[in-house]
Amino acid sequence: MGGGELTVREAKHTDFEAVMKMACPDNFRDGFDYLPAKFHQYVDDPDVSFILIELEHSLVGFNVYWFSDDGDSLLGKNGRQDPKYKGTGTYGRVRQALPMIFQKFLLPRCKPTTLLQTVGEGHRMELHKVLKYMGFWGKEESSFHVLYFQSDVSALRSSLTSHNTTHLPPLTPYQPPDLHRLLPPAFSAAVLSEGRVFVDWDPYKLSESNMNKFVTAGYYILVDQTEPAAKSLSFGGSYMTPRGRVYHIDIHCKDETLCKAHIINHVKIACSQYTGMITFCVMVIDLALKITVLKYCAGDLTLSYLPHDHTYTLYQTDLASMAKAAAGNKSKY
């Protein structure tokens with residue numbers, strides 16, 4: 001099954017069914033897979049390269065890459081392989097095709113200074129192997145922590161009516177004039193690693209152009225009112241998955257009360273926009289806030305805690321290091 005001609009091409013809208021059949025969305029991200037909701041958006045997005053890998057016209061894998069920060073960063077967003085080919089030698093051949101994919105589809109769009117990034121769980125050994133082969137296994141830049149909670153909106157609305165939030169600091173929707181309180185050196189140096197934010201787990205530089213993109217994309221963005229520099233920033237958004245609706249809450253702060261304020265505000269936004277069961281995916285960049293999130297969401301807000309905690313790490317390298325790693329590893333596969 002591992003023989004035959006291996007070809008690569010960019011995905012089209014008509015590939016949706018084949019990609020979903022192969023992608024195993026019921027297993028990815030604990031079943032809360034964003035790909036069914038975002039596939040067509042990725043195909044249309046000029047900043048995304050959605051590459052399919054086929055063996056004699058049958059889909060065996062795909063990789064999704066995302067240019068961000070005005071081309072200064074290239075994120076290895078997603079990569080999956082059809083499990084039916086495991087043990088056939090096809091996986092090794094797919095890894096062999098990765099440098100060619102990079103050369104054909106990605107390198108022509110890269111700047112000499114473009115940084116290659118990927119986000120993953122370090123304990124996944126298969127991920128280690130692929131990233132090392134691609135040269136992605138560079139410097140560990142930063143980590144974030146994710147917890148899942150769930151509730152029916154109607155029940156949650158009822159509990160929120162009696163929930164006291166007067167002790168929490170006020171937050172406001174982000175407006176362009178807030179940017180001066182978020183950019184380095186004040187907020188960024190105190191709260192963020194390398195002046196970077198994570199939005200639905202994807203890394204971005206905290207910049208005016210990116211903030212404008214987030215606003216245009218419809219994210220719910222909240223910031224505290226502290227002067228002269230803000231102390232917290234969060235992003236919220238929602239999409240459907242195989243396990244129902246997800247609302248992600250991406251919190252950037254180091255203060256417990258501010259963390260709680262961001263959570264309750266986003267929960268209220270979700271309850272005002274949606275009905276039925278919602279899974280809240282709460283992300284924090286400070287490990288010390290995990291217990292705060294768990295106690296507040298499961299205790300005070302009475303959300304059902306789902307035991308799917310994850311810690312993800314951003315890895316980053318440069319073009320020269322990646323090219324050297326890829327060239328040095330070709331003979332291994």
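User: Which residues lie nearest the centre of the second largest pocket?
Analyst: Gln41, Trp66, Tyr204, Ala217 and Tyr219 lie nearest its centre. The full lining of that pocket has 26 residues. Keep in mind that this is a predicted model.

User: Which elements give two or more residues to that lining?
Analyst: Two helices and three strands do, listed here:
- α2 (35-44) and α7 (208-217) are the helices.
- β3 (58-68), β9 (202-205) and β11 (232-241) are the strands.

User: What volume does the second largest pocket have?
Analyst: About 500 Å³.

User: And how does its lining split by class?
Analyst: Twelve of the lining residues are nonpolar. Seven are polar, and seven are charged.

User: Let's move on to Ser68. Where is it?
Analyst: Ser68 belongs to strand β3.

User: Is Ser68 buried or exposed?
Analyst: Buried. Its relative accessible area is 8%, and the cut-off for buried is under 20%.

User: What does Ser68 touch?
Analyst: Leaving aside residues up to four places away in sequence, Ser68 touches Ser73, Pro203 and Tyr204. Tyr204 has come up already, as one of the residues nearest the centre of the second largest pocket.

User: New topic, salt bridges. How many are found in the whole structure?
Analyst: Twelve.

User: Which residue pairs with Asp70?
Analyst: Asp70 forms a salt bridge with Lys213. The closest N and O atoms are 3.9 Å apart.

User: Where do Asp70 and Lys213 sit in the chain?
Analyst: Asp70 is in the loop between β3 and β4 (73-81). Lys213 is in helix α7. The two are 143 residues apart, so this salt bridge links distant parts of the chain.

User: How accessible is Asp70?
Analyst: Asp70 is partly exposed, at 49% relative accessible area. Its partner Lys213 also counts as partly exposed, at 39%.

User: What about Asp72? Which side chain does it meet at 2.9 Å?
Analyst: That is Lys111, and the 2.9 Å runs from N to O in a salt bridge. Asp72 lies in the loop between β3 and β4, while Lys111 lies in the loop between α3 (90-106) and β5 (115-120). They are 39 residues apart in sequence, so the pair ties those parts together.

User: And which side chain meets Asp72 at 3.4 Å?
Analyst: Lys205, again in a salt bridge, N to O. Lys205 is in strand β9, so this pair ties together parts that are 133 residues apart in sequence.

User: How accessible are these three?
Analyst: Here are the relative accessible areas:
- Asp72 is at 21%, partly exposed.
- Lys111 is at 33%, partly exposed.
- Lys205 is at 39%, partly exposed.

User: Which residues are linked in a network of salt bridges?
Analyst: Arg9, Asp15 and Glu54 are linked that way.

User: Last topic. How many cavities of 30 Å³ or more are found?
Analyst: One, from a search of the whole structure.

User: What is the volume of the largest cavity?
Analyst: About 40 Å³.

User: Which residues line the largest cavity?
Analyst: The lining consists of Arg29, Phe32, Tyr148, Asp200, Trp201, Tyr239, Val246 and Cys281.

User: How do those divide by class?
Analyst: Six are nonpolar and two are charged. There are no polar residues in the lining of the largest cavity.

Notes: Residues are numbered from 1 along each chain as its sequence is written. This is a predicted model: local features need pLDDT of at least 70, side-chain atom pairs count only at pLDDT 80 or more; totals for chains, interfaces and linings use all residues. Side-chain values use heavy atoms; hydrogens and water are left out. On a 1 Å grid over the protein atoms alone, a cavity is a set of points where a 1.4 Å probe fits but cannot get out, and a pocket is an open set with protein on both sides within 12 Å along at least five of seven lines; lining residues have an atom within 4 Å of a point. Grid points are joined across faces, edges and corners, and a volume is the space filled by probe spheres set on the points. Helices (H or I, at least four residues) and strands (E, at least two) are DSSP runs, numbered from the N terminus. Ala, Val, Leu, Ile, Met, Phe, Trp, Tyr, Cys and Pro count as nonpolar, Asp, Glu, Lys and Arg as charged, and the others, Gly among them, as polar. Buried means under 20% relative accessible area, exposed over 50%, partly exposed in between (1.4 Å probe, protein chains only). Contact means heavy atoms within 4.5 Å. A salt bridge is a side-chain nitrogen of Lys or Arg within 4 Å of a carboxyl oxygen of Asp or Glu.
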